[in-house]
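Here are my comments on the model you sent for review. I have kept to the fold as a whole, the pocket and the cavity.

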Amino acid sequence: MAPTDETGQAAPQPSDSGTAPPARPPVGGAGANGRMPRWLPRALVLALALVAAFQLGSWAFHQLTGLLINILIAFFLALAIEPAVSWMASRGMRRGLATFIVFIGVMIVSAGFVTLLGSVLADQIIKLIEGFPGYLDSVINWINTHFKTDLKRVDIQEGLLRSDWLRNYVQNSATGVLDVSAQVIGGLFQLLTIGLFSFYFAADGPRLRRTICSVLPPARQAEVLRAWEIAVNKTGGYIYSRGLMALISGVAHFILLQALDVPYAPVLAVWVGLVSQFIPTIGTYLAGALPMLIAFTVDPWYALWVLVFVVIYQQFENYVLQPKLTSKTVDIHPAVAFGSVIAGTALLGAVGALIAIPAIATLQAFLGAYVKRYDVTDDPRVHGHRRGGEGPGLLTRARGMWARRPGAERSADDDSTGGSTSS
């Protein structure tokens with residue numbers, strides 16, 4: 001029997017040359033005693049904990065996406081009203097009372113606008129329903145005259161009332177009433193959430209800044225306060241400059257609509273002013289569609305006059321009014337503004353479209369405060385011109401090409417031959 005060592009394994013036998021064979025390494029990376037390394041269970045537990053934490057965080061983020069968006073809207077709204085609240089608080093008024101007064105003013109203006117616009121739309125819908133039989137008779141008479149048919153409005157109405165399409169539409173509409181009601185209730189709850197957070201952000205703004213700065217070193221506190229001030233200035237400046245431009249636009253369109261005797265001129269003017277200013281670049285044309293439609297019901301030529309005025313006023317606003325009012329608040333390029341609105345809409349929908357421009361203006365101002373800039377060299381190419389000695393001009397190159405054409409060479413030879421003969 002072969003001898004064994006203390007562990008019960010067979011002892012290595014000496015070879016014929018008198019030397020023992022080398023010992024085999026442990027199998028599976030285990031230690032000398034065959035046990036699992038001590039770090040492996042801890043690593044497995046840590047990996048499982050990280051995976052579980054990531055899954056839990058991802059689930060919580062998706063569940064709280066709506067709340068986070070509401071908080072973001074409330075934060076930008078609080079930044080927008082911060083200058084007014086701070087101005088009233090600096091006059092001795094309590095900050096909570098100043099915030100409450102500003103909120104009440106915003107709510108009154110918004111409710112008044114929605115009420116007036118709703119009354120206009122309801123009135124137009126009622127007029128459309130009342131005039132629908134007359135419109136239908138005119139269409140039936142045109143069809144009977146041109147296509148030699150014998151259609152009657154009574155037969156068309158009976159066929160429409162007995163159709164399966166109308167029955168299915170009524171059933172779907174009845175089932176959709178509950179969905180619309182749920183959406184309305186959800187929208188009201190969302191507005192309440194945004195209003196409460198905005199009120200707290202605006203009323204407790206100094207306390208919030210102190211809380212954030214209390215966990216930062218002094219150097220970081222100065223940076224945070226500076227960024228906060230930039231955000232307040234840009235967001236508030238955007239809202240107030242747009243509000244002033246909306247007022248000017250509304251007054252201008254009101255004068256036109258009143259001169260043309262278009263109904264609901266004040267409400268339409270407010271509509272044009274708000275929509276044209278808070279939807280950049282194309283907002284003026286979208287806002288002018290409703291006054292054009294109502295003016296068309298009065299006289300088709302009035303709609304054309306409204307269109308011409310909208311186009312002319314848009315050019316006046318882009319090149320004269322807007323540069324003067326926004327040069328110190330949100331001085332961003334129109335292409336950047338339009339692209340930011342598209343990007344904000346793609347990310348957050350209508351909410352992103354509203355906060356895109358103040359967010360981009362804040363980012364631009366923040367980068368401008370920290371990015372080092374240099375003086376631009378005095379080069380004609382910077383101003384879009386060529387250097388004087390860089391090469392021949394366009395007229396000189398055109399003359400050279402004309403002189404190098406094949407017909408020109410032959411005519412030059414003929415001229416030289418004729419000149420030598422005559423001499």
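The points below run from the whole chain to its internal spaces.

1. This is a predicted model, and its chain holds 16 helices and 0 strands. Of the contacts in the chain with a separation of 6 or more, 61% are between residues 24 or more positions apart.

2. Buried residues amount to 23% of the 423 residues in the chain. The exposed surface of the chain comes to about 29900 Å², and 68% of that area is supplied by carbon and sulfur atoms.

3. The largest pocket encloses about 1900 Å³ of space and has a lining of 43 residues, with Leu 77, Val 106, Ser 110, Phe 278 and Leu 354 lying nearest its centre. By residue class, this lining comprises 35 nonpolar and 8 polar residues, with no charged ones.

4. Which helices each supply at least two residues of the lining of the largest pocket? They are H2 (65–90), H3 (95–130), H6 (164–203), H8 (218–259), H9 (265–278) and H14 (350–370), and the largest share, 11 residues, comes from H3.

5. A search of the whole structure returns 1 cavity of 30 Å³ or more, and the space in the largest cavity is about 40 Å³. Its lining consists of Phe 75, Ala 78, Leu 79, Glu 82, Phe 201, Arg 209 and Trp 228, with H2 providing the largest share, 4 residues.

6. On residue classes, the lining of the largest cavity has 5 nonpolar, no polar and 2 charged residues, whereas the lining of the largest pocket has no charged residues.

How values were computed: Residues are numbered from 1 along each chain as its sequence is written. This is a predicted model: local features need pLDDT of at least 70, side-chain atom pairs count only at pLDDT 80 or more; totals for chains, interfaces and linings use all residues. Side-chain values use heavy atoms; hydrogens and water are left out. On a 1 Å grid over the protein atoms alone, a cavity is a set of points where a 1.4 Å probe fits but cannot get out, and a pocket is an open set with protein on both sides within 12 Å along at least five of seven lines; lining residues have an atom within 4 Å of a point. Grid points are joined across faces, edges and corners, and a volume is the space filled by probe spheres set on the points. Ala, Val, Leu, Ile, Met, Phe, Trp, Tyr, Cys and Pro count as nonpolar, Asp, Glu, Lys and Arg as charged, and the others, Gly among them, as polar. Buried means under 20% relative accessible area, exposed over 50%, partly exposed in between (1.4 Å probe, protein chains only). Contact means heavy atoms within 4.5 Å. Accessible areas come from the Shrake-Rupley method with a 1.4 Å probe; for residues, only the protein chains shown count as cover.
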